[in-house]
Each structure stands twice: as structure tokens, then as C-alpha cells.
Amino acid sequence: MTEIVHVSGPELVTYADAMAELLVETVEEGSSVGFLAPLDREKAAVWWRERAGAVESGEVSIWIAREGGQVAGTIALVRAPLPNARHRAEVAKLMVRPAARGQGLGRALLDAVEAYAQVEGITLLILDTESGSLAEQVYCKAGWTEVGSVPGYAADPAGSLKPTTFYYKELAGP
């Protein structure tokens, strides 16, 4: 049974090694999540541990999907830092283990973030993903609106520049 858990900063540190494994596996599989291959597992764990302060301060919220004692997925919500943007946030680092894909886990993580954002009074979410990726299907089915694509916006894990598509979703207030 899959459990979606909103983690605190100290919990993130506890899960850092398992989340590093997920991140490394995601990058090795070819998903563009901001890292180049090969990604060292310890560097990935350090990257997660370094997010703990932002989680504790409320700048970032992170959820994990636990399945069979293993971290099967994750997603983050990054709050906009400026006073005129408190109504919006960015969805980031949606990752699902390749072996767990196609079972609705990505959608469940996305639903958890959207529900939390609504309760927090966030009325606009944004995100970006590599154009043509499987993630685009998840976002479209979840009611996200495509804004457009930017060519050569980010490198994939192999270092090749790829287009990125931007999406938004408006949420009702709390």
C-alpha cells in the first residue's frame, strides 16, 4: 500500500539516502530533473539534506510516497519569495521510480500538493518539464494548462539541451 507523507526538515534528513537513491535512479533512467549523469549517490544525498533548512522555514514543502518500506516517489512545492507573489508556488521534482510508474503514483503526489496549496491559500501553481516527456501526460490529465515551450531551456541527464514546456493550474481559494 502506498502512503503519501508530508515531511519535515529533520525527516528529510532521515530520508536523504533513500531519496538520493530515487534521484540517482531517475537521472540514470533519463529524466530531466536538474542533474547530469552520472550522479553520485552521496552528492545526491547531500543535495537532499541541504533542502532541510528550506523545508523547516516553510520556503519548500516536500512529500514522499512510501511503498513497501521504500521511497517510491517525491514532489516539492516551492513558495514564491516576493510579497506580490504569495498567491503562487512552483511544483518541482516530481519523481516516481521507473518500476512504480503507470500506477497513479505521480498523480497521487500531484493531488497531495494541490490539496495542500489550496488549504494554504495558494491559488496559482506553475511547473515545467521536458517537452515530450511522459510527465506531460500526467499534467495534462490532471487539468494543467500548457503555456508554451522554450527551446534548449535545460540539459537532459546526458547533457543535450532540450525544450521545456511550462504549465500552470489555477486553484480555488481555501
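A155 lies in strand 6 (145-155) of this predicted model, where helices (H or I, at least four residues) and strands (E, at least two) are DSSP runs numbered from the N terminus. The residue is partly exposed, with a relative accessible area of 26%; by the criterion applied, buried means under 20% relative accessible area, exposed over 50%, and partly exposed in between (1.4 Å probe, protein chains only). Beyond its neighbours within four places in sequence, A155 is in contact (heavy atoms within 4.5 Å) with S32, L36, S160 and L161. Its C-alpha atom is separated by 9.4 Å from that of V33, which is 122 residues away along the chain. Residues are numbered from 1 along each chain as its sequence is written, and side-chain values use heavy atoms, with hydrogens and water left out. Because the model is predicted, local features need pLDDT of at least 70 and side-chain atom pairs count only at pLDDT 80 or more, whereas totals for chains, interfaces and linings use all residues.

Strand 6 is joined to strand 7 (161-170) by 7 bridges, and the two run antiparallel; strands are taken to pair if DSSP finds at least two bridges between them. Within this pairing, S149 has T165 of strand 7 as its bridge partner. The hairpin of strands 6 and 7 has 5 residues between the strands, and in it G159 adopts a positive phi near 95 degrees. Strand 7 also pairs with strand 5 in the antiparallel sense, over 7 bridges. There, T165 is the bridge partner of T129. In the segment after strand 7 is A172, which counts as partly exposed at 48% relative accessibility. The C-alpha atoms of A172 and Q118 are 6.6 Å apart in space, with their positions 54 residues apart in sequence.

A second set of pairings involves strands 1, 2 and 3. Strand 2 (60-67) pairs with strand 1 (2-7) in the antiparallel sense over 6 bridges, and I62 of strand 2 is the bridge partner of V7. Strand 2 and strand 3 (70-79) are likewise antiparallel, paired over 8 bridges, with A65 standing opposite G73 in strand 3. Their hairpin has 2 residues between the strands, and G68 takes a positive phi near 60 degrees in it. Of the 8 residues of strand 2, 6 are buried, so this strand is largely enclosed by the rest of the structure.

Helix 1 (residues 9-29) bends by about 60 degrees at A16, the bend being the angle between axes fitted to the seven residues ending at a residue and the seven starting there. A16 is also among the buried residues of the helix, which further include G9, L12, Y15, M19, A20, L22, L23, V24, T26 and V27. The cover over these buried positions includes strands 1, 2, 3 and 4 together with helix 2 (41-50) and helix 3 (52-57). After helix 1 comes G30, with a positive phi near 110 degrees. In the loop between helix 1 and helix 2 lies P38, which is joined to A37 by a cis peptide bond with omega of about -5 degrees. A positive phi is also found at K93, about 55 degrees, although this residue is not a glycine. K93 is placed in strand 4 and counts as partly exposed at 24% relative accessibility.

The largest pocket holds about 1000 Å³ of space. Of the 41 residues that line this pocket, L94, T129, S133, A135 and Y139 are the closest to its centre. On a 1 Å grid over the protein atoms alone, a pocket is an open set of points where a 1.4 Å probe fits, with protein on both sides within 12 Å along at least five of seven lines, in contrast to a cavity, from which the probe cannot get out; lining residues have an atom within 4 Å of a point. Grid points are joined across faces, edges and corners, and the volume is the space filled by probe spheres set on the points. Helix 1, strand 4 (88-96), helix 4 (105-119), strand 5 (124-130), helix 5 (134-141), strand 6 and strand 7 each supply at least two lining residues. Strand 4 gives the most, with 7 residues. By class, the lining comprises 19 nonpolar, 13 polar and 9 charged residues, where Ala, Val, Leu, Ile, Met, Phe, Trp, Tyr, Cys and Pro count as nonpolar, Asp, Glu, Lys and Arg as charged, and the others, Gly among them, as polar.
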